[in-house]
Amino acid sequence: MKQETRYPIFHRGGRALALAHRAAPKTTGFLAVVGLLGSGLPVVAAWLMKAVLDGISSGVAPASGGGMLLLVLLVFAGVFSAVLPHVKSYLKEELDRSVSARSYDTVYKKINQFVTLARFEDPKFLDRLRLAQQAGVTAPGAVVTALLGSVAGLVTACGFIVSLWLLSPVLAVTLVLSIVPVALVEFYLGSRRAEVLHLVAPLQRREFFYRELIANNRAAKELRLYGTGDFFRQRMMADRRLSDSHQRALARKKLGAGALTALAGAAAAGLALAWSVRSAWKGELTVGDVSMLIAAVAGVQTSASGLVETFARTHESLILFGHYLFIIDLDLDVPAPVRPRSVVPLRWGIEIRDVWFRYSDDAPWVLEGASLFIPHGSTVGIVGKNGAGKSTLVKLLCRFHDPTRGAIYWDGVDIRDIPAGDLRRRIGAVFQDFMFYDLSAAENIGIGDVERISDGDRVRKAAELAGIHGVLSGLPLGYQTLLSRIFFSEEDKNDPKTGVMLSGGQWQRVALARGLMRDERDFLILDEPTSGLDPEAEKEVGRRIAEFGASRTSLLITHRLGSIRESDAIAVLAGGRIVELGTHDELISAAGTYAELFAMQADGYVGP
Ligand SMILES: Nc1ncnc2c1ncn2[C@@H]1O[C@H](COP(=O)(O)OP(=O)(O)OP(=O)(O)O)[C@@H](O)[C@H]1O
């Protein structure tokens with residue numbers, strides 16, 4: 001993944017500060033004040049110490065008025081120096097919490113605004129989203145504290161350099177010059193660190209994927225059956241070792257550079273000390289001057305190397321922050337309707353007119369001029385071979401993607417002119433790849449109509465329609481039983497009431513009940529809703545769905561041709577278009593693809 005180059009580094013810094021200010025204005029203000037106080041304190045303490053020592057060497061009694069005041073001030077400076085880091089660390093953690101909470105909220109709000117699935121199906125985008133989720137979101141807090149830390153370090157360093165200048169301009173200049181190699185080395189290491197970060201990021205993500213896979217309960221069966229656990233573990237460790245080797249190379253560079261710069265710093269400090277002691281011996285400097293000089297040399301070196309390291313870390317955080325900015329600045333994934341139309345209860349029907357679709361410009365066409373009319377109040381079944389494009393058509397009807405060419409009309413209105421949320425409120429759907437939520441049975445169904453999630457009667461009615469009421473009411477806590485084996489606490493771990501696992505077919509009925517939660521939806525899409533049900537259940541559920549769907553428009557996709565036999569019309573999708581359309585009897589008489597598929601299935605049941 002390349003780094004985000006759209007935002008200059010100062011722009012990112014400004015946005016990070018603005019974010020901190022919005023998330024926690026008081027904490028940011030306090031942190032700035034405490035940081036500034038803390039940065040001036042070492043310089044003030046050094047001057048106080050010089051004055052006390054000079055007083056002692058010139059025979060001023062510590063108990064005298066001036067001497068006592070100096071001592072008291074020195075003690076206060078010491079107390080503040082001891083307490084301030086704790087206050088600063090508390091404020092920093094608080095700022096991190098506030099900024100992270102706000103930026104998390106912003107990122108997830110943004111994700112929820114995506115109208116279509118296009119971004120979720122783009123691996124490059126997902127990679128970037130993961131970066132924004134993993135690190136970019138926590139970066140603003142790091143950026144703010146690093147920026148404030150930089151200002152504080154600058155104040156300390158400048159305070160000491162000025163102090164040193166007053167004692168010996170030559171020494172001050174020498175010391176500043178001795179920092180230059182440290183700064184250069186740190187900047188070099190900073191850019192190497194950023195490079196390593198980009199090299200290891202994909203490795204760490206893959207490693208994370210393998211780690212999750214090996215411990216995943218849904219993957220456990222296949223991993224054991226195919227014996228692929230060690231295969232994935234080896235891949236995980238290979239990625240781990242590669243990322244470790246990049247980090248080790250960087251650590252070695254750091255070690256070498258750190259040792260060299262420490263040597264240079266120690267040599268500069270030693271020379272300054274020797275010079276000051278010699279000057280004090282000759283009477284050119286006082287004892288207080290020597291103590292000031294020692295404090296200044298140590299203070300400048302510490303704050304300078306701290307400063308450069310802070311800059312390097314800030315730079316790193318800002319690189320990650322770029323991914324966060326990229327996500328939150330994204331435009332809508334589909335243009336807003338120019339003349340938005342409100343969706344009306346379906347009266348006439350839904351028309352798919354000459355729809356062409358492919359998932360990307362270089363992907364093959366999935367739909368090539370598909371046309372179909374679904375009249376209001378009718379049930380239309382769609383059949384077709386694997387990969388024919390049935391689920392794709394469902395995605396277009398729900399507006400998870402827009403047709404590349406052609407259009408879909410809801411009572412004559414192009415669905416692109418209807419706000420997607422309004423359209424979806426009129427559609428109920430059960431997808432082939434439905435979701436399993438680690439929620440209670442009641443919530444698993446109730447989220448089909450969030451506004452009525454607590455309406456127990458409605459949830460029960462939906463469960464009855466889907467033929468799962470008997471199973472759910474017999475669970476340890478009835479509808480309140482958690483449909484999961486994820487434990488919420490250690491104590492609950494052995495409690496059978498904590499959660500249960502349903503069978504595949506039972507889960508499918510729960511998903512079906514979720515799709516049937518809303519009475520008032522006037523278009524029901526069922527994509528393989530009964531594939532996991534036993535024949536008896538399939539027949540029973542099919543009968544109930546037919547009753548439920550009698551007053552509304554339904555689209556039923558299935559490979560089990562027996563369950564769409566009674567549909568008002570059956571469409572066969574092949575080669576990207578609807579090639580046959582009619583009732584079961586009409587299609588059987590036409591002796592085309594449908595008749596062939598039906599005969600094959602019937603043969604399968606009857607046998608040779
Ligand atoms: N997100 C996607 N990105 C790229 N191609 C896709 C995506 N989803 C589906 N396809 C491709 O589109 C084609 C149609 O897939 P679709 O899932 O619509 O078929 P289907 O008729 O529902 O098949 P099945 O009966 O197996 O469920 C397939 O060739 C598939 O590889």
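Biologist: How do the residues of the shell around the ligand divide into nonpolar, polar and charged?
Modeller: Keep in mind that this is a predicted model. The shell around the ligand holds 13 residues. Sorted by type, they come out as four nonpolar, seven polar and two charged.

Biologist: And which residues come nearest to the ligand?
Modeller: Let's pick them out of the 13 residues around the ligand. Lys390 and Thr392 also turn up elsewhere, as buried residues of helix H10. The full set that comes nearest is Tyr359, Asn386, Lys390, Ser391 and Thr392.

Biologist: Is helix H10 largely enclosed by the rest of the structure or largely open?
Modeller: We can go through its residues, 390–397, and ask which are buried, meaning 20 or more other C-beta atoms within 10 Å. Lys390, Thr392, Leu393, Val394, Lys395, Leu396 and Leu397 pass that test. That is seven of the eight residues, so H10 is largely enclosed.

Biologist: Which residue with a positive phi follows H10?
Modeller: Here's the background: most residues other than glycine have a negative phi. Just after H10 comes a residue whose phi is positive, near 65°. That residue is Arg399.

Biologist: What is the phi of Asp354, and where does this residue sit?
Modeller: Asp354 has 14 other C-beta atoms within 10 Å, so it is partly exposed. Its place is in strand E1, residues 349–357. Its phi is positive although it isn't a glycine, with a value near 45°.

Biologist: Where is Asp411 found?
Modeller: Asp411 is not a glycine, yet it has a positive phi of about 50°. With 15 other C-beta atoms within 10 Å, Asp411 is partly exposed. You'll find it in the loop between strand E4 (405–410) and strand E5 (413–414).

Biologist: On to the helices: how do the residues of the contact of H5 with H6 divide by type?
Modeller: The axes of H5 (residues 139–167) and H6 (residues 169–214) come within 5 Å and cross at roughly 145°. On the H5 side we have Ile161, Leu164, Trp165 and Leu167, which meet Pro169, Leu171, Ala172, Leu175 and Val176 in H6. Checking each type gives nine nonpolar, no polar and no charged.

Biologist: How are H5 and H9 oriented to each other?
Modeller: Two packed helices are described by the angle between their axes and the distance between the axes. For H5 and H9 (residues 287–328), the axes come within 7 Å and cross at roughly 155°. Angles over 145 degrees count as roughly antiparallel. So the answer for H5 and H9 is roughly antiparallel.

Biologist: Is the crossing of H5 and H9 left-handed or right-handed?
Modeller: The contact of these two helices takes in 23 nonpolar, 11 polar and two charged residues. As for the way H5 passes H9, the crossing is left-handed.

Biologist: What about H1 and H9: how are they oriented to each other?
Modeller: H1 (residues 9–23) and H9 pack at an angle of about 75°, with their axes 10 Å apart. Values from 65 to 115 degrees count as roughly perpendicular. That means H1 and H9 are therefore roughly perpendicular.

Biologist: Which residues of H1 and H9 make that contact?
Modeller: By type, the contact of H1 with H9 has five nonpolar, two polar and two charged residues. H9 brings in Leu318, Phe321, Gly322 and Leu325. From H1 come Ile9, Arg12, Gly13, Arg15 and Ala16.

Biologist: Is Gly299 buried or exposed?
Modeller: Gly299 is found in helix H9. Leaving out residues up to four places away in sequence, it touches Pro42, Ala46, Thr156 and Phe160. Gly299 has 21 C-beta neighbours inside 10 Å, so it counts as buried.

Biologist: How many Å separate the C-alpha atoms of Gly299 and Val43?
Modeller: Along the chain, Gly299 and Val43 are 256 residues apart. In space, their C-alpha atoms are separated by 8.2 Å.

Biologist: How far apart in space are Ala183 and Ser305, C-alpha to C-alpha?
Modeller: Ala183 is found in helix H6. It has 15 C-beta neighbours inside 10 Å, so it counts as partly exposed. Ala183 and Ser305 are 122 residues apart in sequence, while their C-alpha to C-alpha separation in space is 7.0 Å.

How values were computed:
Residues numbered from 1 in each chain as written. Predicted model: local features only at pLDDT ≥ 70, side-chain atom pairs only at ≥ 80, totals over all residues. Near = placed C-beta within 6 Å. Nonpolar A, V, L, I, M, F, W, Y, C, P; charged D, E, K, R; others polar. Axes fitted to C-alpha atoms, helices over the stretch in contact; angles between N-to-C directions. Helix = DSSP H or I, 4+ residues; strand = E, 2+ residues; numbered from the N terminus. Contact = placed C-beta atoms within 7 Å. Parallel < 35°, antiparallel > 145°, perpendicular 65-115°, else oblique. Left-handed = near helix turned anticlockwise from the far one by under 90°. Buried ≥ 20, exposed ≤ 12 C-beta atoms within 10 Å, placed from the backbone.
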